[in-house]
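Me: I would like to go through the terms used for this model one by one, asking each time what earns a residue or a space its label.

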Amino acid sequence: MATRARQIRHLLEYAGFRVMGFLLSALPVEVSSRLGGWLVGWFGPKSKKRHPRLLRNLKSAMPELDEAGAEKLAGAVWRNLGFVLGEFFHLEEIAKGRVEVENPEVLRAIASAGKGAVFCGAHQANWEGGSSVLVEFGFKPLGVYHPMSNARVNANVLATRLKYYPGGLMAKRDPETPVAMIRYARQGGSIAFLVDQQVHMGLQTPFFGRPAQTTPFPAMVARQCGIPLVLITGERLPGVKFRMRALVIDVPRTEDRNADIFAATAAIQAELERTIRQHPEQWMWTHDRWK
């Protein structure tokens with residue numbers, strides 16, 4: 001009975017997703033973005049679990065915020081998430097001319113070396129549209145994704161994302177994923193991660209004044225394979241446009257492998273914190289980054 005009810009629920013969810021996609025994709029991208037921002041900006045604060053967590057995270061990271069300031073910033077965070085939702089159905093248009101790279105020479109140099117790279121990013125600005133940058137420079141990244149519980153919605157979302165991950169997308173918890181990614185990197189391919197979420201048994205790196213469990217895998221692969229470790233950060237601009245920046249993170253190669261990996265991992269988080277502080281409303285504060 002429970003299985004049948006879940007199947008019906010998933011079918012209804014999928015139908016709703018397709019209807020939403022049809023309606024939003026029919027609108028101009030600016031209108032779709034604003035509509036998504038309005039919808040999530042209205043529904044988000046009503047969440048009994050995520051909104052209190054969002055406020056806790058904001059107050060802990062920025063103790064100077066009073067209640068009114070935290071609520072105002074939280075509303076802007078929800079709206080940005082809604083913008084991303086509305087823009088998801090226009091990723092092809094965004095990829096074709098709405099993303100600028102502040103320092104393209106960094107990506108050109110890495111691409112010309114032909115060794116591949118380890119690219120790291122965050123749930124910042126529009127992380128879906130930002131991934132298209134790598135393909136424009138000739139990279140064929142292999143990425144990681146967290147499967148959705150609804151298989152039909154998951155398949156539809158994956159089909160859209162795969163255009164920007166020519167190397168493929170692998171499930172985060174698949175035991176074959178780490179081995180496959182290392183093999184791909186050793187063959188000169190590029191791999192891509194979002195590194196701003198909590199990872200069980202990760203390294204305790206400083207992030208907004210508190211230790212946060214962070215994946216060491218990107219730094220480990222970059223060090224092991226001798227390829228660049230690159231952080232891609234994003235900024236939302238007016239008119240559904242975005243500015244991306246590539247920063248090569250130094251990966252020490254001393255006799256202390258663990259210390260080297262920790263140093264590079266902590267450097268990524270420090271740079272992420274710096275850019276998030278510039279536009280805190282553009283980062284996804286709703287997840288459990290700290291425990």
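**Terms and their grounds**

Reply: To begin with one pairing, the bridge partner of Thr205 in S7 is Ala212. This is a predicted model, in which local features need pLDDT of at least 70 and side-chain atom pairs count only at pLDDT 80 or more, while totals for chains, interfaces and linings use all residues. Residues are numbered from 1 along each chain as its sequence is written, and side-chain values use heavy atoms, with hydrogens and water left out.

Me: What makes S6 and S7 a pair of strands?

Reply: Strands are DSSP runs of E with at least two residues, helices are runs of H or I with at least four, and both are numbered from the N terminus. Two strands pair if DSSP finds at least two bridges between them. Five bridges join S6 to S7 (residues 210-214), so the two count as paired, and they run antiparallel. They form a hairpin with two residues between them, and Phe208 in the turn has a positive phi of about 55°.

Me: Why is Val240 called buried or exposed?

Reply: Buried means under 20% relative accessible area, exposed over 50%, and partly exposed in between, with a 1.4 Å probe and protein chains only. Val240 has 9% relative accessibility and therefore counts as buried. Val240 lies in the loop between S8 and strand S9 (241-249), and its phi is near 55°, a positive value in a residue other than glycine.

Me: And why is Met201 called buried or exposed?

Reply: The relative accessible area of Met201 is 66%, so Met201 is exposed. Met201 sits in the loop between S5 and strand S6 (203-207), with a phi near 65°, again a positive value in a residue other than glycine.

Me: What makes a set of residues a nonpolar core, and which members of the largest one touch the most others?

Reply: A nonpolar core is a set of buried Ala, Val, Leu, Ile, Met, Phe, Trp, Tyr and Cys residues joined through side-chain atoms within 4.5 Å. The largest has 48 residues, of which Val118, Ile191, Phe207, Val221, Leu229, Ile268 and Trp285 touch the most other members. Its largest share, seven residues, comes from H4. A second, separate core of 33 residues includes Leu24, Leu158, Ala171 and Val240.

Me: How do you know what Ile191 is in contact with?

Reply: Contact means heavy atoms within 4.5 Å. Leaving aside neighbours within four places in sequence, the contacts of Ile191 include Val118, Leu142, Met181 and Val221.

Me: Why is one space called a cavity and another a pocket?

Reply: On a 1 Å grid over the protein atoms alone, a cavity is a set of points where a 1.4 Å probe fits but cannot get out, whereas a pocket is an open set with protein on both sides within 12 Å along at least five of seven lines; lining residues have an atom within 4 Å of a point. Grid points are joined across faces, edges and corners, and a volume is the space filled by probe spheres set on the points. The structure holds one cavity of 30 Å³ or more, and the largest cavity has a volume of about 40 Å³. Its lining includes Val195, Thr214 and Ile268, and H12 gives the most to that lining, with three residues. The second largest pocket holds about 250 Å³ of space and is lined by 15 residues, with H1 giving the most, five residues.
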